[in-house]
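This briefing introduces a protein model together with its RNA partner. Please view the sequence and the structure before reading the points that follow.

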Amino acid sequence: MAELPDKRTAPVDWYLAVVEAADLSDKRYGVKGMNVWTRYGFRARRNLDRVLVREIEATGSEAVEFPALIPATEFAKEKEYIKGFDAQVYWVTKGGLSELDVPLVLRPTSETAIYPIFALWVRSHQDLPLNVYQIVNTFRYETKTTRPFLRVREIHFFEEHTCQADEARATERVRSNLAAFARMAASLGLPYLAIRRPEWDKFAGAYYSIAFDTPIGGARTLQLGSVHHYRDNFSVPYGITYERADGSRTYVHQTTFGLSERLIGAIVAVHGDERGAAFPTEIAPYEVVVVPVPTAPTRAALEATAAELAARLDRAGIRAFVDRGDERPGAKYFRWELKGVPLRLELGPREVAAGRVTSVDRFGRKGSVSLAGLETEIAERLREFDDELGRRARERFAASFAVATDLAQLAGSDRVRLVGWCGSEACGHAIEKAIDGALLGTPEGPTPAVDGPPSRCIACGTTEGARWAVAAQPV
RNA sequence: GGGACUGUGGGGUAGCUUGGUCCAUCCUUCGGGGUUCGGGACUCCGAGACGCCAGUUCAAAUCUGGCCAGUCCCA
């Protein structure tokens, strides 16, 4: 297997090489931005979905599924939304041989598919809150370069859509989503900042947008997902109203929460290193791989023992795989490290004689596990691995930010920059130009690497109302 | 929307300027045999490509045109 490009000096080449070498995605399908999920990559995706479902359902959301095609007439009802999306939708204009009277849009996101039906579902205050999510594929005609998982045209999309009685309750739902994402990200070992987007960069049609961003080296960041408060911006054009207890009628306030397979790309980009990918155990296609280290006479017995170990782990809910391939053990070690498996078990004659098995985690930390206590000891090792994975990620996260006090410091920056900002759009664009990227917005929680508020706006120097904002190069 | 560039086995490439020495190079991958097996084994045999369509020419991976696909830059 060839050497990987250097992650520091050639991050994009490194990322593409890891995705390919780890066999997470096959990009040879003949449509730009539409890639094939391999067996290995799909396992990761299924595990990711399981975490998302678990956490969102814990907040009282239920699964639904709406159709992929949307009549043009419904699609066009909210004018900001249309402006934001009409340049990147796929159209279905023919049915068989005939032109359709009403062309159909292949959903770029599902507001316009769902809200006409919400208008039918919501009638009384007793129908609220309405919290539903779906995990479906959405389609966007991306014109920029596409990258597996990070920028695709067929998106594996998680989207929650809710209706609340009023603005305050919608705000509460946003808070609840932020907390749910915090739990999801913890499962993935991904540190991030929740950042309120500036006016000019909020979701089309939103009252405000809060996005989750994580640094991935240099000044570059990756958006992991977003939560939006729509107020009644959609419920008015779509007529989603309810009757209060006193008989009066009013519009609902809505929120959405969106995530995608980008999270898998983020796991690769954030946790990966010179050896390849590194999966947190919740998402790992296999949590444990057993590698027999045979000599000719012990081969059959060792493979049988390895299969038993894997079966025991599977029964204990730990996804395990026995690598019986014809390669030498060392070649297998390299491959499974590249593929990001958290824990490897080496089983040779020495281990069998001692009633133990050697464990080596993705970071190369060795241990010895007794066969008798296999399940509990492995579970413990996996916990230790996740702790270490998270610790390393947080360490890099903390080192990713630096304050800039002058626009000149933004050019060619090797960190994500925290800047004082007065809140004006003109200054925002000046900052974006200086860093050749974007002003992501203002952090929702505490801002890392700073103490107290900024003294002034980095662009205009105003001291009045200056607050911390994040400037970066989003990928 | 404007411009530049690129397209060679499954992946990565050499060859293209100056047409012939190319039934296309090397690495990797894949299939089979043998010797091996505690950190990327070795060896033997085998498989696999010039984006598509036209044109020029005695002769095209190489030149020309169109198309398709992709990449990058600018708006």
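Gly-96 has a positive phi near 60° and sits in the hairpin of strand 5 and strand 6, where two residues lie between the strands. The model is predicted. The points below begin with the sheet that contains this hairpin, continue with a second sheet and its helices, and then turn to the domains and the RNA.

**The sheet around the hairpin**

- Strands of a sheet pair through backbone hydrogen bonds, in either a parallel or an antiparallel manner.
- Strand 5 and strand 6 (residues 98-106) run antiparallel and are joined by five bridges.
- Within this pair, Tyr-90 stands opposite Leu-106 of strand 6.
- Strand 6 also pairs with strand 4, again in the antiparallel sense, over three bridges.
- Here Ile-70 is the residue that stands opposite Val-105 in strand 6.
- Together the three strands form an open sheet with the order 4-6-5 and antiparallel pairing.
- Its edge strands are strand 4 (69-71) and strand 5 (90-95), each of which pairs on one side only.
- From one strand to the next, the twist averages 45°.

**The five-stranded sheet and its helices**

- A further open sheet consists of five strands in the order 16-15-17-18-19, and its pairing is mixed.
- Strand 16 (320-322) and strand 19 (366-370) are the edge strands of this sheet, each pairing on one side only.
- On average, and with direction ignored, neighbouring strands of this sheet are turned by 25° against each other.
- Strand 15 (residues 288-292) pairs with strand 16 in the parallel sense, over three bridges.
- In this parallel pair, Val-290 stands opposite Val-322 of strand 16.
- Helix 9 (residues 299-315) lies across strand 15, strand 16, strand 17 and strand 18 (356-361), and runs at about 170° to strand 16.
- Helix 10 also packs on the sheet, where it touches strand 15, strand 16 and strand 17; its direction makes about 170° with that of strand 15.

**Domains of chain A**

- The domain assignment divides chain A into domain 1 (11-271), domain 2 (288-388) and domain 3 (401-474).
- The centres of domain 1 and domain 3, taken over C-alpha atoms, are separated by 28 Å.
- The contact between these two domains takes 15 residues from domain 1 and 24 residues from domain 3.

**The surface near RNA strand B**

- RNA strand B is surrounded by 24 residues, and the closest are Arg-28, Lys-32, Thr-145, Arg-344 and Glu-351.
- The residues of this surface comprise twelve charged, eight nonpolar and four polar ones.
- Which element provides the largest share of the surface near RNA strand B? It is helix 10, with six residues.
- Helix 10 (329-338), strand 17 (343-347) and helix 11 (349-354) each supply at least two residues of this surface.

**Atoms facing the RNA**

- Of the atoms of RNA strand B within 4 Å of the protein, 49% belong to sugar or phosphate, and the rest belong to bases.
- On the phosphate side, a polar side-chain atom of Lys-32 lies 2.7 Å from a phosphate oxygen of RNA strand B.
- On the base side, a polar backbone atom of Arg-350 is 2.9 Å from a base oxygen of RNA strand B.
- A polar backbone atom of Pro-349 is 3.2 Å from a base oxygen of RNA strand B.

Methods
Residues are numbered from 1 along each chain as its sequence is written. Chains are lettered from A and ligands numbered from 1 in the order in which they are written. This is a predicted model: local features need pLDDT of at least 70, side-chain atom pairs count only at pLDDT 80 or more; totals for chains, interfaces and linings use all residues. Side-chain values use heavy atoms; hydrogens and water are left out. Two strands pair if DSSP finds at least two bridges between them. Helices (H or I, at least four residues) and strands (E, at least two) are DSSP runs, numbered from the N terminus. Axes are lines fitted to C-alpha atoms, for helices over the stretch in contact, and angles run from 0 to 180 degrees between N-to-C directions. A residue is near a molecule or strand if one of its heavy atoms lies within 4 Å of it. A polar contact is a pair of N or O atoms within 3.5 Å; within protein, one must be able to donate a hydrogen and the other to accept it, and residues adjacent in sequence count only if both atoms are side-chain atoms. Ala, Val, Leu, Ile, Met, Phe, Trp, Tyr, Cys and Pro count as nonpolar, Asp, Glu, Lys and Arg as charged, and the others, Gly among them, as polar. Domain bounds come from an automatic or database domain assignment. Contact means heavy atoms within 4.5 Å.
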